[in-house]
Amino acid sequence: MSPSMIKPRNALPWLLLSAAVVALDQFGKHVALGALQPYESREVIPGLLNWTLAFNPGAAFSFLAGADGWQRWFFTALAIGVSAGLAVWLSRLQRGDWRNAAPLALIIGGALGNLVDRLRFGHVVDFIDVYWGSAHWPAFNVADSAICVGAVALALFSFVGGKEQGKRG
C-alpha cells in the first residue's frame with residue numbers, strides 16, 4: 001500500500017475524539033484518586049452503581065494481574081502497537097466513514113487512557129463498580145468503557161454497514 005493511501009487529515013477529527021476520551025478518563029481517575037481510599041465504596045445509585053477505587057496491574061478482568069511485573073511492559077507495548085495500527089487504519093478510511101472511524105477512535109482513546117496509568121502508576125486505576133444484588137461486575141473506568149463500546153460498535157457496524165454499502169454499489 002502506497003503512502004498516498006494514508007490520509008492523516010481524515011483521521012485528525014477522529015483522533016480529537018480519542019484525545020477527549022483520554023482527557024475524560026484521566027479526569028475521572030484523578031477525581032477517584034482524590035476522593036476515595038483504595039477499595040472504599042461510595043453508593044451512587046442504590047442497588048446498581050458504586051464508586052470503588054481499585055488498581056489493576058493486569059488487563060481486562062484482571063488477566064495476568066498476578067504476574068511478576070512483566071505484564072506492565074507487555075500491556076504497554078500492546079497498547080502502543082494496537083493504537084498505532086488502529087491510527088493507521090483510521091487514516092486510510094474514506095472521508096465520512098464514521099461507522100468505522102468513531103469506534104476506532106474510541107478504542108484508541110481507551111487504550112491510551114489506560115496506557116497513561118500503566119506508565120504513571122504501573123497499574124490501571126478503576127473506579128466504576130456496577131452490581132446487582134451481591135453480583136458485582138469487575139471494576140472498570142472510562143477508558144475500558146470506550147474500548148468496549150468501540151469494539152461492539154465496530155462489530156455491529158460491520159454487519160449493518162455491509163448491507164448499506166451493497167445497496168449503494
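Tutor: A residue is called buried under 20% relative accessible area, exposed over 50% and partly exposed in between, with a 1.4 Å probe and protein chains only. This is a predicted model, in which local features need pLDDT of at least 70 and side-chain atom pairs count only at pLDDT 80 or more, while totals for chains, interfaces and linings use all residues. Residues are numbered from 1 along each chain as its sequence is written, and side-chain values use heavy atoms, with hydrogens and water left out.

Student: Why is Tyr39 called exposed?

Tutor: Tyr39 has a relative accessibility of 54%, and the cut-off for exposed is over 50%, so Tyr39 counts as exposed. Tyr39 sits in the loop between α1 (8-35) and β1, and its phi is positive, near 65 degrees, in a residue other than glycine.

Student: What makes Leu48 partly exposed?

Tutor: Its relative accessible area is 37%, and partly exposed lies between the limits of 20% and 50%, therefore Leu48 is put in that class. Leu48 belongs to the loop between β1 (41-45) and β2 (49-56).

Student: How do you know that β1 and β2 pair?

Tutor: Pairing asks that DSSP find at least two bridges between two strands, and four bridges join β1 to β2, which run antiparallel. Arg42, for instance, has Trp51 in β2 as its bridge partner. Three residues lie between the strands of this hairpin, where Gly47 takes a positive phi near 75 degrees.

Student: What is the mean pLDDT of the protein?

Tutor: On the scale from 0 to 100 that gives the predictor's confidence in each residue, the mean is 86, and 81% of residues reach 70 or more.

Key
Helix = DSSP H or I, 4+ residues; strand = E, 2+ residues; numbered from the N terminus.
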